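Q: I'm new to reading protein models. Can you walk me through a few features?

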Amino acid sequence: MVRLFVPLIIFLGISAHSMANRLLIPMDATQKNHLKAYGVAFWILKAYNTELDWLLNYRGGSFMVTYTQKFATEMTIRGVSFDVISEGQASQILSEISAPDANMDAVKLQKAPRIAVYSPKSKQPWDDAVTMVLTYAEIPYDVVFDEEVLKGKLPEYDWLHLHHEDFTGQYGKFYTFKDYPWYREQKREAEQIAEKFNFSKVSLMKLAVVKKIQEFVAGGGFMFAMCNATDTFDLAIAAAGVDIVETPYDGDPADPAANNKLNFENTFAFKDFKTYTDPYIIEFSTIDNQPQEREMSEDNDYFTLFQFSAKWDPIPTMLTQNHQTLIKGFLGQTTAFKNQYIKPDVVIMAETKQAGEARYIHGTYGKGFFTFYGGHDPEDYQHRIGEEPTDLNLHPNSAGYRLILNNILFPAAKKKKLKT
């Protein structure tokens with residue numbers, strides 16, 4: 001009896017799994033590790049070339065994929081919550097999502113994007129939330145910087161993240177730190193690259209880099225930027241041909257009429273702003289809503305995600321998938337974008353209304369897309385130079401970091417035409 005009974009149990013177990021044909025990865029509050037769930041989705045796309053369904057607005061933007069033991073085992077190893085469901089249950093979920101009156105949709109994720117992170121060799125551990133979350137989520141990426149961009153390597157990638165870089169060539173306007181080793185190394189690295197490519201100034205080299213990135217996006221690339229890579233990118237475009245850099249950074253004075261010569265025609269997101277040419281003010285332009293203007297503290301600093309129509313506006317819907325709509329704020333060298341300087345065709349996806357600012361915006365440029373996210377580190381309210389990097393093991397369900405990872409998967413989605 002024993003010999004017959006054990007095989008019967010094994011057979012019943014196999015039969016049960018064969019009938020349960022889908023894996024549902026919930027992304028609501030029941031998920032134990034939201035950040036690694038994105039990594040699993042990326043791994044399935046890249047390693048097995050298997051499509052996933054991204055269930056927009058269903059349980060926080062859940063994922064669904066065909067059941068295999070390898071997928072289930074990997075999720076268990078990574079600490080990602082999942083449910084094994086039958087084909088019938090999967091059909092019922094998809095039917096619920098497709099109902100005309102349901103603000104939900106199912107988007108096919110088809111191919112893992114090729115990811116590049118723009119970051120200098122002199123990068124410090126506190127520098128970049130994106131590299132930290134990609135590493136934690138186990139999503140592979142290549143590092144590129146000015147030299148690779150100028151050599152034309154960007155078309156090898158689908159998605160580009162901009163390190164919180166100063167694209168105006170003013171070394172972050174951290175002149176008060178000019179004697180610190182990290183500042184000297186940053187300056188030395190930039191000057192060497194400028195010299196190698198025959199630019200007389202770092203600011204001119206950075207402008208050439210910006211133009212290469214413009215070409216990448218215009219040709220269909222996806223660009224994601226945080227902190228001061230957002231406003232300095234547009235500032236560099238607006239100031240093309242105008243000297244906005246003062247003597248301490250490039251050896252000659254800025255054009256005193258610079259603000260009258262800015263051209264906003266080709267900027268991605270911002271218009272009508274002014275630049276700060278004072279070399280001792282650690283601020284670049286009027287775009288950024290500064291702490292003294294915001295009049296907020298860590299206790300009351302929150303921003304709200306907008307909800308979009310999943311069936312009619314799938315792109316901003318993808319980019320705002322989350323298990324929370326009210327997200328704690330965080331500062332950066334560029335924290336937030338004043339609404340009056342945002343171009344009318346740019347989609348505001350999150351705002352702090354009482355401060356008159358946007359925190360998370362998206363738009364198109366040519367055939368491509370860009371997303372700007374204000375602030376430096378979603379789990380470090382006021383990051384300081386020299387601090388240890390954030391330990392994401394302590395924040396596996398970070399709603400702020402989820403917004404970064406939405407952008408990682410966005411290029412993998414089968415595109416639907418934006419209807420509004």
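A: Sure. Let's start with a term we'll need: a polar contact is a pair of N or O atoms within 3.5 Å. Keep in mind that this is a predicted model.

Q: Which residue caps the N-terminal end of α5?

A: That's D128: one of its side-chain oxygens lies 3.1 Å from the backbone nitrogen of V130.

Q: How many residues of α5 are buried?

A: Buried means under 20% relative accessible area. Helix α5 spans residues 129-137, and 8 of its 9 residues are buried. Among them are A129, V130, M132 and L134.

Q: Why do residues three or four places apart point the same way in an α-helix?

A: An α-helix has 3.6 residues a turn, so residues spaced like that end up pointing the same way.

Q: What covers the buried residues of α5?

A: The cover includes helices α2 (34-48), α3 (69-78) and α13 (399-409), plus strands β6 (115-118), β8 (159-162) and β9 (222-226).

Q: Which residue follows α5, and what is its phi?

A: E138 comes after the helix, with a positive phi near 65°.

Q: Where else should I look at phi?

A: Try R59, which isn't a glycine but has a positive phi of about 50°. You'll find R59 in the loop between β2 (52-56) and β3 (62-66). R59 is partly exposed, with a relative accessible area of 28%.

Q: And where is D272?

A: D272 sits in the loop between α10 (247-250) and α11 (291-294). Its phi is positive too, near 60°, and D272 is not a glycine. With a relative accessible area of 46%, D272 is partly exposed.

Definitions and conventions. Residues are numbered from 1 along each chain as its sequence is written. This is a predicted model: local features need pLDDT of at least 70, side-chain atom pairs count only at pLDDT 80 or more; totals for chains, interfaces and linings use all residues. Side-chain values use heavy atoms; hydrogens and water are left out. Helices (H or I, at least four residues) and strands (E, at least two) are DSSP runs, numbered from the N terminus. Buried means under 20% relative accessible area, exposed over 50%, partly exposed in between (1.4 Å probe, protein chains only). Contact means heavy atoms within 4.5 Å. A polar contact is a pair of N or O atoms within 3.5 Å; within protein, one must be able to donate a hydrogen and the other to accept it, and residues adjacent in sequence count only if both atoms are side-chain atoms.
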